[in-house]
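Here's a quick tour of one protein chain, starting with its charges and then moving on to the fold and one of its sheets. Have the structure open while you read.

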Amino acid sequence: YAKKIYPKSEEAVLRIQRAIANNILFSNLDKEQRQEVFDAMFEVDKKAGEVVINQGEQGDNFYVVDTGKYDVYVAKPGEPLKIVTTVQEGGSFGELALMYNCPRAATVKARTDGKLWAMDRVTFRRILMDTTNKKRRQYESFLAGVDILQSLNQYERATIADALEPAEYKAGEVIIRQGDPGDTFYIIEQGEAVALQSPGPNIPPVEVKRLTKGQYFGEIALLTDQPRKATIQAATDLRVVALDRKSFIRLLGPCEDILKRNMQNYRTYTDVINKKSKS
């Protein structure tokens, strides 16, 4: 394997550093691997309306966005292309075809003029594939079994897997507290949690819901920009995966209608108290 080196200015290297600074795919690289990434990337200019990759074609490069906005379209069999997400500065696309040696899973078109940093297939597979693949394999089957994500395609679920942050809680620990501002969405990977709700200060909360593997919480505050509606406490030792507000909005856009519809099904403190009084 001959390392690819594309000479570039210090300013260009700084732009690459900025572009990949918050990109999950690059977070576990050591200093030497990062330098190899800087050397191997080459600049690609795109005009608004120009197609970067086409669904169904073979993949040759992986792309990181330096500037501009790029719309991602997916066409299901017999249906026209439908936009599923937009990738902006620091985001990336094009890795699925390189990782799985399969045709492109989506079409990506420049919404605005912009610049991309590209990396060829061989370099991508050598440097990034192991770290990326490990996390995706870990969460692939788990995410496929989460009800709310059933409507997403492989591309969308893979992108979510990249952004997930694992966390663990001991039985009895509080994960979110009623009344607090919310900035994180959670999916239970293992264990059980309980949702507790109180109608006001100094009134003991009651259990309104039990949550188990594959169920989620924390979405109401993110969808409504209101404080947390309930306290979520670990009923057993608990393992969750989390998405921050920015990732939640960007990646779960296709699920927003379902999430809002499901909000109507939650039991409240009043529901529980009324049920107790009737019994």
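How far apart are the mean positions of the positive and negative charges of the chain? They sit 3 Å apart, with 41 positive and 38 negative charges going into the two means. Keep in mind that this is a predicted model.

Now for the overall build. Along the principal axes, the C-alpha atoms fill a box of roughly 75 × 45 × 30 Å. DSSP runs give the chain 10 helices and 16 strands. Of its 279 residues, 46% are buried. As for the outside, about 14600 Å² is exposed, and carbon and sulfur atoms supply 49% of that area. Contacts tell you something about the fold too: among those with a separation of 6 or more, 79% link residues 24 or more positions apart.

Let's zoom in on one sheet. Strands of a sheet pair through backbone hydrogen bonds, either parallel or antiparallel. Here, 4 strands make an open sheet with antiparallel pairing, in the order 9-16-11-14. Its two edges are listed below.

| Edge strand | Residues | Pairing |
|---|---|---|
| Strand 9 | 165-169 | on one side only |
| Strand 14 | 216-217 | on one side only |

What joins strand 14 to strand 11? The link is made by 2 bridges, and the two strands run antiparallel. Strand 11 covers residues 184-190. If you want a spot to click on, try Tyr 186, which stands opposite Phe 217 in strand 14.

Technical notes: Residues numbered from 1 in each chain as written. Predicted model: local features only at pLDDT ≥ 70, side-chain atom pairs only at ≥ 80, totals over all residues. Heavy atoms only, no water. Buried < 20%, exposed > 50% of the residue type's maximum accessible area, 1.4 Å probe, protein only. Contact = heavy atoms within 4.5 Å. Areas by Shrake-Rupley, 256 points an atom, 1.4 Å probe, with all protein chains shown as cover. Lys, Arg positive; Asp, Glu negative; His and termini not counted. Charge placed at Lys NZ, Arg CZ, Asp CG, Glu CD. Pairing = 2+ DSSP bridges.
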